[in-house]
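Visitor: I would like to learn how features are read from a model, one at a time. Could you take me through this one, giving the general idea before each case?

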Amino acid sequence: TESSQMQVDVDFGTYHHSTPDESKAVRVRAEEVFSKLLLPLYPADAHLQILDAGCGLGFLMYVAAKCFPNASITGVDVFKHRSVSNLSIKNAERNMKVLGIDSRTSFLKHDLTKPLGGDVQYDLVVSNVVFHNMGKSRFNAYETVFHVLKPGGFFVLGDLFPKGKEDLEYFRA
């Protein structure tokens, strides 16, 4: 079917210290958790500006796009970290095209520990499995995020990563 073909063509990568199946299990659980967190924040038909801080290959952009079909979503990443396989802006753009959301998504190659230029303000900032990789410089990244977040906006931050088979059982539940 078209839907299963689309899933085959989309590659959100494999997270470091995990197998492809473990990475998929993490994403299944992350989609469930983030959807539950995001949906009550705004009406589904809201025209939002969303930033995915450390977007990788666009998985969380996809989740946000499903939750808010009228949102414009910008993914920001340095696109060189070894924490996910096949990481490149080209592959992220390809995923958005395959998913049919490329008309409302865009990417910016940028180090989040440095201020974002421009005057764009975001209603919602999302991030998953990113800030823990930054060490102490994550505090600069938090400052970047809060600088571009609209007053009253939301920052939904997750760091979901299993350590062993016992933890993976939780993601399968």
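Visitor: In which helix is S35 found?

Guide: Before the answer, a word on the model: this is a predicted model, in which local features need pLDDT of at least 70 and side-chain atom pairs count only at pLDDT 80 or more, whereas totals for chains, interfaces and linings use all residues. Residues are numbered from 1 along each chain as its sequence is written, and side-chain values use heavy atoms, with hydrogens and water left out. Helices (H or I, at least four residues) and strands (E, at least two) are DSSP runs, numbered from the N terminus. S35 is found in helix α2, which covers residues 20–38.

Visitor: What is the pattern of helices and strands along the protein chain?

Guide: The protein chain has 6 helices and 5 strands, and along the sequence they follow the pattern α-α-β-α-β-α-β-β-α-β-α.

Visitor: Is S35 buried or exposed?

Guide: Buried means under 20% relative accessible area, exposed over 50%, and partly exposed in between, with a 1.4 Å probe and protein chains only. S35 has a relative accessibility of 17%, so S35 counts as buried. For the protein chain as a whole, 46% of the 173 residues count as buried.

Visitor: What is S35 in contact with, leaving aside its neighbours within four places in sequence?

Guide: Contact means heavy atoms within 4.5 Å. By that rule, and with those neighbours left aside, S35 is in contact with P40, V63 and C67. A polar contact is stricter in kind: a pair of N or O atoms within 3.5 Å where, within protein, one must be able to donate a hydrogen and the other to accept it, and where residues adjacent in sequence count only if both atoms are side-chain atoms. A polar atom of the S35 side chain lies 2.8 Å from the backbone oxygen of E31.

Visitor: E31 carries a charge, so how many salt bridges does the count come to?

Guide: Side chains of opposite charge can pair when their charged atoms come close. A salt bridge is a side-chain nitrogen of Lys or Arg within 4 Å of a carboxyl oxygen of Asp or Glu, and the count comes to 5. One of them joins E31 to K66, with the closest N and O atoms 2.6 Å apart. That pair links distant parts of the chain, E31 being in helix α2 and K66 in helix α3 (residues 59–67), 35 residues apart. K66 counts as partly exposed, at 47% relative accessibility.

Visitor: Which residues are linked with E32 in a network of salt bridges?

Guide: The network links R29, E32 and K36. Within it, the side chains of E32 and K36 meet at 3.6 Å, N to O; both residues lie in helix α2, 4 residues apart, which is about one turn of the helix. E32 is partly exposed, with a relative accessible area of 31%, while K36 counts as exposed at 59%.

Visitor: What is the nearest side chain of opposite charge to R104, and how far away is it?

Guide: For this purpose Lys and Arg count as positive and Asp and Glu as negative, while His and the chain ends are not counted. The nearest such side chain is D102, 8.6 Å away, and R104 is buried yet has no salt bridge. R104 lies in the loop between α4 (89–99) and β3 (105–109). Its side chain reaches the backbone oxygen of F68 at 3.0 Å and the backbone oxygen of A71, also at 3.0 Å. Not counting residues up to four places away in sequence, R104 touches A65, F68, P69, N70, A71, S72 and I73.

Visitor: How many aromatic pairs does a search of the whole structure find?

Guide: Rings of Phe, Tyr and Trp (its six-membered ring) pair if their centres lie within 6.5 Å; planes under 30 degrees apart count as stacked, over 60 as edge-to-face and the rest as tilted. The search finds 10 aromatic pairs. The rings of F131 and Y142 have centres 4.8 Å apart and planes at 5°, so this pair is stacked. F131 lies in the loop between β4 (122–128) and α5 (138–148) and Y142 in helix α5, so the pair ties together parts that are 11 residues apart in sequence. F131 is buried, with a relative accessible area of 1%, and F131, F139, Y142, F146 and F155 form one aromatic cluster.
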